Amino acid sequence: MEQACSHAEGLRRLESMLLLRAFEAALLRQPKPGFQLLSRGEEAVAVGICTVLERSDPLLCSGRSIAMALARGVPSGGLLAELIGKDGGPNKGRAGRAHVSMPSIGLYGAHGVVAGNLSVAAGVALAQQQLHTGAVTCCVFGDGACGAGALHETLNIAALWQLPLLLVCDNNGYAVSTAVRQGIAVEQLTDLAAPFGVPAVAIDGTDVDDVVTAMHEAVTAIRAGSGPRFIEMRCTRMGPHSTATREERPSAELERFRDTDPIMRYEQRLRALGWLDDAKLAELQAAVATAITAAEQYAADAPWPDGDEALRDV
Amino acid sequence: MSRLFFREAIARAISEEMQRDPTIILMGQDIAEHGGSYAETRGLFERFGAARVRNTPVAEAVTVGLAAGAAAAGLRPLAFITYVDFLMIGLDPLVNYAAKLKFKSAAQLTAPMVVKATAGAKGQGPTHAQSLDSWLMNVPGITVLAPSTSGDAYGLLKTALRAPGPVVYIDHKRLFPLGGEVPDGETLVPVASAAIRREGRHLTIVAHSYMSLVTIEAAKLLAKEGIEAEVIDLRSVWPVDWDTLEASVRRTGHLLTVEEGQEVCGVGTEIAFVLQERLDGLRVARLGARRMPVSASPVLESYALPDAERVAASARRLLQRARQDDVAVTT
């Protein structure tokens, strides 16, 4: 357990995670929430990653992007509008969850094709290297992507060219219904990086402080010019794969997931440190609720996109 | 004008553009010290160095993905795909990422990248000899260019390296050893600019890439029989220069399309359909490869592909059918 952060920073991390969870709940309350991949159980990964990255460090992620986009700083109202397909989001409703981007804050975007962003991220990292920006490109992908050839090719070229690239595997245990052990032959996902000489660590992705520590170490090393790194963040997908997917995991297993809830765990830690009590928690929750209400209003007021305008950007 | 081999015209275009634009980088198999599979990058590694002329492993998916990501982040990559058949392996980043990037980011990100691939049959067999131009023209957001002369290779590649979005520039293997005139000064060939290679009044034959040369040979055969074919080289497969095509078929009233790829959903099929919509009564025919893989056997390869004789035969059939229709209508 990492305790290097300050009282205020600890509360900020908690509030960020509370916002992510409340936001997804608000999304599901929309009359037509759309086809969404939620991050309940994976909030510590998103908040921890975005705590360490600078806004000048390009971030790319998988289609499980909502938590990542919010943590990176996409305004919640705009993100909600984007997710339901309205103009008013960062991509005028065209990208939706699977492709949301906001380059002004370094979010190069989600990509709905599993493993599809890996080689693209290597290209973004190549541009940073070539243009001498000093930035670290971070690509977050799921455990499902570890069975794809794209990871092999990306690790190879990133190692060969010593690209400033941080590969983060958000291992939530399942590719839709297929457990990691049924889909990937290696004992540890970090083993995939070893043949290329890419330093790799596996950490507890339900512990936001651990995520921050691992990220800090990797980003510092990459920025110093030591080439690519790989971090596996083990966490839990507490809900079904998507809003359109049946949940068929046994209820006993789902029960056990409660113990790995990153928000509950962090609340307990902050209480143990004496930084959080019921009154403080209520205060944080009220602030989140206010933000969510404003986001819902923004999304409700946002117009629908114009087809002719969209056609001009092909 | 200078006379340059096709491969030299390519090297000159790239060299000039790299000199002008420091964000251009080259990536591909065997393009550095080796100078390219067709000697079309000879001298570029020595001139521009290892950071800008990068050999890649045999890994087309990551090569195209690198190009797409680097383009989104401020470079202008030129990715070499030795055989266009292997572009299938790299289609995901091209089609699912680069082609959609401007649209899906609401124009905040673009992918100004060029994929330079080599198509066509010259004895390499089923997976090294295909022509997939029509697949690519089907995708919104991709520009597809295909020269048939040294001058157009030079002018189109320079255009590609200044384009705002992804371009697939396609050479044909049979063109590399050929020579041709290239302007001494900087001359760009814009997109959507077809070239009339030969004027004629009886029918319009539209082709592109190496088939333009085959079609010019066919037109010579037809001329001996008194049939004057107008030969148009598309140069830009997408976007299409519809105005030049339409003006020609308005003069001739007959259209034959010729391509080395498949007729089914082919380049010519699309062109014929659109021109028929624009011009009532236009008579059309199409010619492409027979519906079979291309073989490395010289007999089977030439059996599969159009040649000047078959182009001429298709032209004769089109005109004959049209005459029979006219007779049927008048009687």
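In the predicted model, A:Leu311, A:Val314 and B:Phe103 make a nonpolar surface patch of about 270 Å². The patch thus draws on residues of chain A and of chain B. One of its members, A:Leu311, belongs to helix H13 of chain A, which covers residues 307-311. The relative accessible area of A:Leu311 is 59%, and A:Leu311 is therefore classed as exposed, since the class begins over 50%.

Chain A and chain B are in contact through 36 residues from chain A and 33 residues from chain B. Together the two chains bury about 2,700 Å², and carbon and sulfur atoms account for 67% of this area. On the side of chain A, the three residues that supply the most are A:Gln130, A:Glu153 and A:Trp161, with 20% of the area that chain A buries against chain B. No salt bridge is found across the interface of chain A and chain B, the count being 0.

Within chain B, the domain assignment gives domain 1, residues 2-182, and domain 2, residues 195-330. The C-alpha centres of these two domains of chain B are 27 Å apart. Contact between them involves 26 residues of domain 1 and 24 residues of domain 2. The area buried between domain 1 and domain 2 of chain B is about 2,000 Å², of which 58% lies on carbon and sulfur atoms. In domain 1 of chain B, the greatest losses of area to domain 2 fall on B:Met137, B:Ala146 and B:Ser148, which together make up 26% of what that side buries. Between the two domains of chain B, 3 salt bridges are counted. A salt bridge in chain B joins B:Arg174 to B:Glu301, with 2.8 Å between the closest N and O atoms.

Helix H4 of chain B spans residues 91-104. Its buried residues are B:Pro93, B:Leu94, B:Val95, B:Tyr97, B:Ala98, B:Ala99, B:Leu101 and B:Lys104. The list thus includes a lysine, B:Lys104, alongside residues such as B:Leu94 and B:Val95. Just after this helix of chain B, the backbone at B:Ala106 has a positive phi of about 55 degrees.

Further backbone features were found in loops of both chains. In chain B, the peptide bond that leads from B:Trp238 to B:Pro239 is cis, and its omega is near 0 degrees. B:Pro239 is placed in the loop that connects strand S12 (236-238) with helix H8 (242-252) of chain B.

In chain A, A:Lys92 is not a glycine, yet its phi is positive, at about 60 degrees. A:Lys92 sits in the loop between helix H4 (76-83) and helix H5 (96-99) of chain A. The relative accessibility of A:Lys92 is 27%, so A:Lys92 counts as partly exposed. A positive phi also occurs at A:Gln162, another residue other than glycine, where the value is near 50 degrees. The position of A:Gln162 is in the loop of chain A between helix H7 (149-160) and strand S4 (165-171). With a relative accessibility of 39%, A:Gln162 is likewise partly exposed.

Terms used: Residues numbered from 1 in each chain as written. Chains lettered and ligands numbered in written order. Predicted model: local features only at pLDDT ≥ 70, side-chain atom pairs only at ≥ 80, totals over all residues. Heavy atoms only, no water. Patch = residues over 30% accessible without salt bridge, like charges linked within 9 Å, V, L, I, M, F, W, Y side chains within 5 Å. Areas by Shrake-Rupley, 256 points an atom, 1.4 Å probe, with all protein chains shown as cover. Salt bridge = Lys/Arg side-chain N within 4 Å of Asp/Glu carboxyl O. Helix = DSSP H or I, 4+ residues; strand = E, 2+ residues; numbered from the N terminus. Buried < 20%, exposed > 50% of the residue type's maximum accessible area, 1.4 Å probe, protein only. Domains from an automatic or database assignment. Contact = heavy atoms within 4.5 Å. Buried area = accessible area lost by both parts, 1.4 Å probe.
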